[in-house]
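Student: Please take a close look at one part of this model, the pairing of its charged side chains, and go through it in one connected account.

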Amino acid sequence: MNIALLIIFAFLLLSFYSGIRARQGKDMNMEQWTVGGRGFGSIFIFLLVAGEIYTTFTFLGGSGWAYSKGAPSYYVLSYISLAYVISYWLLPPIWRYAKEHKLVSQSDFFVSKYNSPMLGILVAAVGVIAIIPYLVLQFKGLGIIVSEASYGTISPAAAVWLGVIAVTIYVMLSGIHGSAWTAAIKDIMIFFVVVFLGIYLPYHYYGGIQPMFAAVHAANPGFLTFPTEGLSTSWYISTVLITVFGFYMWPHTFGSVFSAKNENVFRKNTIMLPLYTLMLLFVFFVGFTAILQVPGLKGADGDLSLLRLSLKTFDPWIVGIIGAAGLLTALVPGSMLLMTGATLLAKNVYKVMAPATSDVQIAKVAKLLVPVLSLISLYFTLSGGDTLVTLLLMGYSLVTQLFPALLFSLGKQPLVNKYGAFAGIAAGVLTVAYTTVSQATLATLFPHWPSVIQDLNIGVVALLVNIVVMFGVTITTKPLFVNGQQAANTEGTPTFK
C-alpha cells in the first residue's frame, strides 16, 4: 500500500468519525436529522451552502472544461456569484415561512404555500429524479479520484463501495449534522489544495499566470475567447440565467436553508460567498496549465487533467492529499443528496399515501430509505450507460422548472393557484424531457434563425413554456377560487389536492 492511498484512507476514516460523532448529545428526531434543529449559525450555513459548489464535478469538471473548452468555462464563476447575490433577498422569506410552519423539506414549502399535497408529490418526484444522476456523478468522480490518486492501487469500483458505505452509515446516524462537520474538514482541505495547485503549477511550468495564458494563446489562438457560434456569448448569458434560477432549486441546497438559526445568517454570508467563488479561478488555472503539459486528453478524459498533471508533478504524499481533498468533494454533497432524497420520499410521498403515520415513524422511514437510494445510485454508478448521461443533462433544467412557482409564492398570497403551479412545472419538465431525449436545440428547431438565437440554452424554452402554462391554467381555473380560497366544488368538477 503506497503513501498516497494511506493518506486517502486516513481522511476517509476522519470524515467517517466526524460524521458519526456529530450526533453526540442530540435527539435525532426528524427536525434534528434534516435541518439541525434550525440552530446552525453563519459558519455552518456557509459551509453547507458555499461548500456545495466544490463537488467532484467542480474538482474534475472545472479544470476539465478549462482544459477542453477554454473561455466558456467561466460561466461557472458567473452563475454561482450571481446566485449568491440573489440569496440576500430570496432566502430570508423562505426561511421565515419554513420556521413559522416547521417545514423540513423543499416539497413541504410548496405543499404549504399552495395547500396541495399532490403538488408536493410532483416537486418531490422532480427532486429525486434530478438527485439520482447527481449522486451518480459524485460516486463516479469519487472512484476516478481515488483510483488515479492511488496510482491504480485501488480500483474505481472498490473506491466507490468504500465511500458509499461510509457516507450511508453516517447519514443514517447523524443526518445534516454529519454533513456539516464533514463539510468543515472538506472546505479547509479544498481551500489549501486548490489555491496551492492554482498558484504553484503555473509558476512551476511557465513562470507565472500571465506567461501561462500567453503560452496557451500562442499554441491555440482564440481558445481563451468565446467562439462566434456554439458556446458563444448568447449561450453564456442564457446558461448563466438558467443556472442562477436553478441554483437554490436543488432540493438539498433548498433544504439546507431551513437549518439556519435566523435570517441574518444569509445576509452575512452574501458578503463573503461571491469572494469564496473566486477559488474556482485556481481550478481553472490548473486546467489551463495542463493543456500543454498533459496534451491529448480527449472528450471526457479532459476531466482527468488536474489529476494527471498532479501525478506528473508531485511526490506520492502530495498526490495523496490532493486525492483526499477530491474524496471529500464527493462525500459531503453525496451525504446531503442522500438525506434530502430520503426526506422527500418519506415526508412528501409516503406520508401522503399513509397520512396516519407519525413523525417518529416518518423519521425511521427516511433513515431506512438512505441505503435504498445509495444502492440505486451505486447500481447506476457501476453499470449505468448513456441513459445516465441523458438524465444528468436533464437534472439542472428539471429543478429550474420549480423556480417560477417558488418566485410567485413568496408574497402573502401566491400569484398563481395550485392548478397553475402544477401544470406549469409539469409542462416545463415535459419540455426538458423531450428536448433532452431528442437532443433538440434551438439550432435544430429553427435552422434558419440567426446564431445569436440558435445558441441560446434550450432551457430558456422550457422555462417560458412553464410560465405561459402556469398563468394560462391559473386564469382558466380562477372561478374555482374566491379570495384565495377554493370555492365549493360544483357537481362534476374534479377535485385536486
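Tutor: Asp-359 is a good place to start, since this residue is exposed, with a relative accessible area of 51%, where exposed means over 50%, buried means under 20% and partly exposed covers the range in between, computed with a 1.4 Å probe on protein chains only. The model is a predicted one, in which local features need pLDDT of at least 70 and side-chain atom pairs count only at pLDDT 80 or more, while totals for chains, interfaces and linings use all residues. Residues are numbered from 1 along each chain as its sequence is written, and side-chain values use heavy atoms, with hydrogens and water left out.

The partner of Asp-359 is Lys-351, and the two form a salt bridge in which the closest N and O atoms are 3.8 Å apart; the term requires a side-chain nitrogen of Lys or Arg within 4 Å of a carboxyl oxygen of Asp or Glu. Lys-351 itself is partly exposed, at a relative accessible area of 22%. Side chains of opposite charge can pair when their charged atoms come close. Across the whole structure, a search finds five salt bridges.

Another of these pairs joins Asp-108 to Lys-347, with 3.3 Å between the closest N and O atoms. Because Asp-108 belongs to helix H6 (residues 106–114) and Lys-347 to helix H16 (residues 316–353), this salt bridge ties together parts that are 239 residues apart in sequence; helices here are DSSP runs of H or I with at least four residues, numbered from the N terminus. As for their surroundings, Asp-108 counts as buried, at 6% relative accessibility, whereas Lys-347 counts as partly exposed, at 21%.

A further pair is formed by Arg-267 and Glu-263, whose closest N and O atoms are 3.2 Å apart. Here Glu-263 counts as buried, at 17% relative accessibility, and Arg-267 counts as partly exposed, at 25%. This pair also belongs to a wider arrangement, for Arg-96, Glu-263 and Arg-267 are linked in a network of salt bridges.

Taking the acidic partners in turn, then, Asp-359 is exposed, while Asp-108 is buried and Glu-263 is buried as well. On the basic side, Lys-351 is partly exposed, as are Lys-347 and Arg-267.

Methods:
Helix = DSSP H or I, 4+ residues; strand = E, 2+ residues; numbered from the N terminus.
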